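Here is a quick walk through some ring contacts and one helix packing site. Have the structure open while you read.

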Amino acid sequence: MKLLPTVIDQKIDVKKDVISGLIIAAVSIPIAMGYAQIAGLPAVYGLYGSVLPIIFFALFSTSPHMIFGVDAAPAALTGTVLVALNISAGSSGALKAVPVITLCTACWLLLFSLFHFGHFTRYISEAVMGGFITGIGFEIIAMQVPKLFGGVVGHGELPELVLHIAKSVSQINSASLILGFGALAVLLVSRKLIPKFPMAVVVMLAGAVIDRFVDLSRYGVATLPKVAPGLPKFFNPILAAKGLPVGTLVKYSLTIALVITAETLLSSKNMAERKGMKLDPDREILAYAVGNFAAAFTGCCPVNGSVSRMGIADQFGSGSQLTGLVAGGAMVLILLFGTGFIGYLPVPVLTAIVIAALMGILEFEEAVHLFKIDRREFLIFLGAFCGVVFLGTIYGVVIGVALSFIVVLMRTMTPPRTFLGVIPGQNRFYDLRQVKEARAIEGVVLYRFSANLYFANFDLFEQDIEGAIGPKTKVVIVDATGITSLDYTAAKKIDALYQRLKQQDIRFFLTGHISSVNDTLREADRDAMIREGSVVRTMTGALLAAGYHWPYPLEGGASHRIDFAASQRRLLKDDMEWAFGDQADAEIAAYVQKIMALWQKPEAEREDLEAFMRHSPVWQHLNGVREDDLLEHLEMKTESFAKAHGLDPEEMAKALAGRRQQIAEKLKAEDPHLYDLLQSHRGELNGMLKRMGADPRWKHRLRTIEQWRMRLKAFGHHRPHGDSAASKDQNHTKESE
């Protein structure tokens, strides 16, 4: 097996990685010590867990950015196990039980790697993990709060913790309160103002210095016990397991292994995607197992990938696991030569550092975001969160995963579906609910169903269609592009629906689906639709098969006459509305404002607009003709568009005309073929203006349009005589005049 893949295979910045590693080691001192206490171990074990586990992880991991070590979720889960077993934190029983829990966790992780469990993390949604981690962080904070003002750590679930905090308030130590909440305030403010600065290290050192010169114990402030210098010693968790309820530990450690896998792998994947890299999930889980084996045999609690420390390392430019190796090496030096300061660390200050770090993992903002965009995902988050804080960590995972499967089931049972129509002048089909101009074709039901069709959702499919059939309905056409499979029940029922509609003299068509759907119908012996020509590739083909030729008759008596020029001209506007929904006008308005702002600059600076078009995700796909089509569409609506977005109509008209002139000149010089096409489009505008001139409703607007047209006419004075398209456009202009 190849070790240290990121250091060997990738170009790294040694200086940045070394600096990042030293900063990670410094930050890990207070955080890891605090989490070790949460797991029921003496604080120094947090430092022990930051040596071999982080080094072994670096040697086996394919992730160049993840930092391993003692972290919140596994520590909290371990502490919960001790409470369930009635083992006191920091006792000799805890010193024996915690490494056994770590060993069981490592064994589970090894099995996960061997059985390729990494791919199953895709079934644990972000909402489940967010609610679970937020619940754990919130519960640990509630446990730690009394230590800020001189109390002792709480235990149990949220109701018990709230009662414990209320009782502790009556025993506040003033010096502890000032130190604890003062340190917490400094940490939270610095996170906002100087997020890259390792303020936790400064606060920790400040607390130690204050105790060294003031002797805080005289004021009732607790400090950590002194620690003798030295590296972690070998511990045999197999021998320690004697006398412990191993079956119970194995059961609880499964949850810890699941959390380590899900949290670390999801976070690593997220960072890798941001950096344009790929990870090997099974190799990653093997690295987690190796790191936890190292932790178990040095007497430590389970270790995990730290999202917060990974973020810090990324801020300082870390690009490989050399950062982890440096951090582990630095921790060795601290254990050998720098443990003297540990006995001077005030407990309220260390508690403030832990709480500030935990507040960084709370995802309440994500919950608010989920509430706005997807109430189902929000309920999953809330269920996992409430399960953790009211029932316990294991129940939080179970509730979150159960809710996820329920939501998946609900989505397949009630998938997106809609009825379609056409816009007069457009050669496409539109959602009747979203597009106001769309009209239903008379006597035709166009229905789109966007999910696989099976026994649980077929009744909804059937009810939608039967509910849309009216006295004049002659044809039902299903856009089945979203249906990639049928089960046997759905195959039988869709054939029955076909036969029933046939008896009512209503043609039923299935269109756009993949061929395996037809295979299912044939295999189920329900292929009457296929043999009788009611399975057609496209909706347009189905309309033709049913005897409907354009222009289609529309409900209300109008006809659907397709103006291909108008259809092409409106195409981009339709694409914007489809992509951005209610925000489409805002996107176009921002584009228009950009044109107006640049057009007010000197001519030498106007090429900046070309750079804007190339680099804008929305506009970079436009060529000159398509952009000109959109500008022409906007010119026809200048007054209303300018009023809706607070723009000056005259300035807007000037900027759009100028931009169209710039497009024409650029195409004429660079692409004569596109230039000819552009002139062809513009010739159609003159004819349209001539036709509208007879309509009194347009007289006022035409005066403004005529001014724009005269600006465009200026293009003709610069065309070469040999330009046939240009000459044709000039002749057309003279005729319209």
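## Rings, charges and a helix crossing

Let's start at Phe-234, which counts as exposed because its relative accessibility is 65%, above the 50% cut-off. Keep in mind that this is a predicted model.

Which ring does Phe-234 pair with? The partner is Phe-297, which counts as partly exposed at 25% relative accessibility. The two ring centres are 5.8 Å apart and the planes sit at 20 degrees, so this pair is stacked. Phe-234 lies in the loop between helix H10 (199-214) and helix H11 (237-240), while Phe-297 lies in the loop between helix H13 (281-296) and strand E2 (304-306), so the pair ties together parts that are 63 residues apart in sequence.

Stepping back, the whole structure holds 17 aromatic pairs. Another one of them is Tyr-45 with Tyr-48, an edge-to-face pair at 5.1 Å centre to centre, with 75 degrees between the planes. Both tyrosines belong to helix H3 (residues 44-48), where they are three residues apart, or about one turn of the helix. Is Tyr-48 buried or exposed? Tyr-48 counts as buried at 12% relative accessibility, whereas Tyr-45, at 21%, counts as partly exposed. The cut-off for buried is under 20%, so Tyr-45 does not make it.

Here are the two pairs again:

| Pair | Centre to centre | Angle between planes | Kind |
|---|---|---|---|
| Tyr-45 and Tyr-48 | 5.1 Å | 75 degrees | edge-to-face |
| Phe-234 and Phe-297 | 5.8 Å | 20 degrees | stacked |

Rings also gather in a group: Phe-419, Tyr-447, Phe-449, Phe-458 and Phe-461 are linked into a cluster by ring pairs.

Charges get in on the act too. Arg-212 has its charged end over the ring of Phe-213, 5.6 Å from the ring's centre. Lys-226 lies over the face of Tyr-344, at 4.5 Å from the ring centre.

Now for the helices. How do helix H26 (residues 584-599) and helix H30 (residues 649-670) cross? Their axes come within 9 Å and cross at roughly 80 degrees, which means H26 is roughly perpendicular to H30. On the H26 side, the contact is made by Val-592, Ile-595, Met-596 and Trp-599. H30 brings in Glu-651, Met-652, Lys-654, Ala-655, Gly-658, Arg-659 and Gln-662. Sorted by class, this contact has six nonpolar, two polar and three charged residues.

How values were computed:
Residues are numbered from 1 along each chain as its sequence is written. This is a predicted model: local features need pLDDT of at least 70, side-chain atom pairs count only at pLDDT 80 or more; totals for chains, interfaces and linings use all residues. Side-chain values use heavy atoms; hydrogens and water are left out. Rings of Phe, Tyr and Trp (its six-membered ring) pair if their centres lie within 6.5 Å; planes under 30 degrees apart count as stacked, over 60 as edge-to-face and the rest as tilted. Helices (H or I, at least four residues) and strands (E, at least two) are DSSP runs, numbered from the N terminus. Buried means under 20% relative accessible area, exposed over 50%, partly exposed in between (1.4 Å probe, protein chains only). A charge sits over a ring if NZ of Lys or CZ of Arg is within 6 Å of the ring centre and within 35 degrees of the ring normal. Axes are lines fitted to C-alpha atoms, for helices over the stretch in contact, and angles run from 0 to 180 degrees between N-to-C directions. Angles under 35 degrees count as roughly parallel, over 145 as roughly antiparallel, 65 to 115 as roughly perpendicular and the rest as oblique. Contact means heavy atoms within 4.5 Å. Ala, Val, Leu, Ile, Met, Phe, Trp, Tyr, Cys and Pro count as nonpolar, Asp, Glu, Lys and Arg as charged, and the others, Gly among them, as polar.
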